[in-house]
Amino acid sequence: MYPEQITKAYSGDVPISPGYPPQQQPQQYGSPAMAHQQPMQHQQPQQQQSQFISPMGTPSTNYAQPAVQQQQQHQQQGYPQQQQQQQQPVYNAYNQDPVNQMSSQFGNMNMGGSPMAAVTPAVPLLGARPQIADIGYTGPAIRLPPNISVTDSPHVNCDPSYQCSTINAIPATESLLKKSKLPFALVLAPYRSLKEGDEPVPVVKDSVIARCRRCRTYINPFVTFVEGGQRWKCNMCFLLNDVPAAFDYDNQTQQPADRWKRPELNYGCVEFVAPTEYMVRPPQAPSFVFVLDVSYSAIQSGMLATAARTILDSLDRLPNAESRTRVGIITVDSAIHFYDLSPKLPEPRMLVVSDLDDIYLPQPTDLLANLTESMQPLKALLEKLPDMFKDSVNVNNALGTGLQAAFKLLSPVGGKIICLQSTLPNTGTGTLKPREDVKLLGTSKESTLLNAASPFYKSFAVDCSRSQVACDMIIFGGQYSDVATLSCVPHYTGGQTYYYPGFNASRSEDALKFAHEFSELLAEQIGLEAVIRIRASRGLRMSAFHGNFFIRSSDLLALPNVPRDQNYVVEVAMEDDLKVPTVCFQTALLHTSCTGERRIRVITMCLPVSNSISELYASANQQAITAYLGVKAVERALSSKLDDARDAIVNKVVDLMGVYKTHVLGSASGSTPQLTAPDNLKLLPLFALGLIKHDGLRQSSQIPTDMRANAMNMLNTMPLQLLIPYLYANLYSLHNMPADAGEISENGVIFPPRLNLTAENLEVHGCYLLENGQNIYLWVGRNVVPQLCADLFDVKTYEGLKGGKITLPVLETPLNRKVNTLVGKLREMRRGNYYPTLYLVKEDGDPYLRLWFLAHLIEDRTDNIMSYQQFLQHIKDRVSKS
């Protein structure tokens, strides 16, 4: 059931195939030095010509081939000749008038007189396609005054993939922040995974942890040493603290050590091995309890068989470095079934509890068994499980009671509940009713369907959080599943929600997607019993938090489980004016690693303070602002209505463009012929349009409630590397790919030129690939030549193609080999556990599938929602009136 090649490609101890090396990207995650390098716009023009790159891909060669060469290439392949797509303008290649050029040049930053190192051009937006070649640009460089850090390491500021700000220069006064109307927030992914090529987080193992006595800030590259190095001044509250005696001593060699080489003075992201005073109990061992729905629909869809097989295949991948990991299994229908996994028994024993009102554990031991000792009984149970219930016609599901049973097992020790759920809970505690009402979809009352229907799941999650129990919810939807209610449990326990609508394991594509994602989830090196606290310089305060956690006190986030690659957005408020040249933010993640060590990951970021509104706009990060707008829109949609959420996004873009026009460019109020944005925010209107056309927020009466609720969960938790393609998908032409596209170079897989998301780029004889990290679509035009169908799909004609979920055949043709290489790379190059499903979409095929594909072409007018140019015109008109 679970393919060997996927297991090999993703298992930690087997190197990834050299055919799929990671691709370079404008910002290399993992190397904090990139924060100090120049953004892409400062590269040479001849390099910019080749900036047609894959999502996070390597620049390909110049594709403007001579017509003769192109004709020869097409004739050799047997595909009809086609005009070359018009080359996108290169980065910063704008025909700006001298006034615009001058008005966009900024003066010196207010940082000890150091000049602003970069000019930020003003970019006219109306009448031009968005410059998608720059979609991977991760924001302006942080420009700090000289000698601000105690070492000259290039890594003193954390890599922005761990923590970044919506603005890379902080306003000196609250009035300036209000005048700028820029959002002020941090975007965090503190426990993000490492892909090949990423720098590991440096670890301080000597248990010497220097912290400020007053504000408890950890020592970092931005402190100051005084009195001959005997004391250090905190960079947050400026208190003088003694340097620990062991700070300059190496315990391993028993020799004096060079303090300037200590990781915490050279890196913005470090991890300390915590001593015993950071523990209230011995470090928690990983513990997993699987709650499996064994009702009729779970059996019929193949969910139970696929889940049992995947758990069986993944037992060796569960974190178990110290052989302390514990595992338990509970199955649920109209009763709760426990399993005695004692290694002393000849085979596992089922214990049934039918009392759903007052659940209890049928025996005190061996329901949660040591994985290493009970490996054989566990394997025997998982092999037998599908057959044990194969004839079941029980349509009941006591999920709430099953969760309570799992909690009773785990609450003494802490751990993770992994719940696989197929039938809507209809008996016992936490019963839910089918409440989807198609008459409410697309109306102002739709938000009622997107909020939790039962208070049980939130109160249960809060109890879990107190006992260091997390929950992942994996929902299989053959019919209405109430994702909005069930996802409450992961939301407040630091867990994750996965949703598989219409799952049927007899379709190999469905089984493969679930098996891959579930296996990756089980193998994840999670953090356990964690808390997060974010400290900032005097005058700044964390005011609101967004993400999957429980807020234990005003600024302490509790996470029983820290997943890899989960995002958090934290709003920052100004309490006092800032009279210092720089401010700092420090995120501390105290957690237990899967290997049984108590650790503290400390992420420090230093930003300059400015009195200039021009400098604030020149420092704004459009990707971070997009993440902020997304979580605020979801919050607004749930507390008010979807219309308000969409309006809030548009209003913020209008505000920013209006302030930029009036206070940065100095334009007079009233109508102007052009809408202008700073170069670093030129894609913000496009991302905003992507948000209001997204499944989570789009005005539509055709989006099922479960699908919308799941899309909202993703907007709330996706790290930026996944969020941006999720909002603005990548479109590639396959029928006229350059010769080297789909090939593997020394820098990784070469992708074709990326195309703008508009139907103007779809030709009737063309074949295109569109992907957003969740799904991959192959669009085939109705006039495609038979040779392409044969070369790519092993089908003789277009009429022989069947739309829907597909597995691409493996053929000996160059086109098939290249497209398989591209699809394989897309499935493994980003962080996260997602495994995109491949769909074949025929131009005149299934209308629903066709509309689903076309909905991703957000630059066009869709479902009565504005096109990109209409949206820009709307923004311009609003700016002119304001």
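The exercises below, each with a worked solution, concern one strand and the cysteines of a predicted model.

**Exercise 1.** Determine whether strand S35 is enclosed or open to the outside, taking its residues side by side.

Solution. Begin with one face of S35, where Thr 837, Tyr 839 and Val 841 are buried, and then turn to the other, where Leu 838, Leu 840 and Lys 842 are buried as well, so that both faces are covered. Six of the six residues of the strand, which spans residues 837–842, are therefore buried, and S35 is largely enclosed by the rest of the structure.

**Exercise 2.** Find which strands pair with S35, in which sense each of them runs, and which residues are the bridge partners of Tyr 839.

Solution. Take strand S33 (residues 775–780), which pairs with S35 in the parallel sense over six bridges; within this pairing, Tyr 777 has Tyr 839 as its bridge partner. Next take strand S34 (residues 804–805), which runs antiparallel to S35 and is joined to it by two bridges; here Lys 805 is the residue whose bridge partner in S35 is Tyr 839.

**Exercise 3.** Establish how many disulfides the structure holds, and examine Cys 269 and Cys 584 in turn.

Solution. The count of disulfides is zero. For Cys 269, the closest cysteine sulfur belongs to Cys 158 and lies 7.0 Å away, which is too far for a bond. For Cys 584, which is likewise in no disulfide, the nearest cysteine sulfur is that of Cys 606, at 3.8 Å, whereas the cut-off for a disulfide is within 2.5 Å. As a last step, consider accessibility: Cys 269 is buried, with a relative accessible area of 5%, and Cys 584 is buried with 2%.

Notes:
Residues are numbered from 1 along each chain as its sequence is written. This is a predicted model: local features need pLDDT of at least 70, side-chain atom pairs count only at pLDDT 80 or more; totals for chains, interfaces and linings use all residues. Side-chain values use heavy atoms; hydrogens and water are left out. Buried means under 20% relative accessible area, exposed over 50%, partly exposed in between (1.4 Å probe, protein chains only). Helices (H or I, at least four residues) and strands (E, at least two) are DSSP runs, numbered from the N terminus. Two strands pair if DSSP finds at least two bridges between them.
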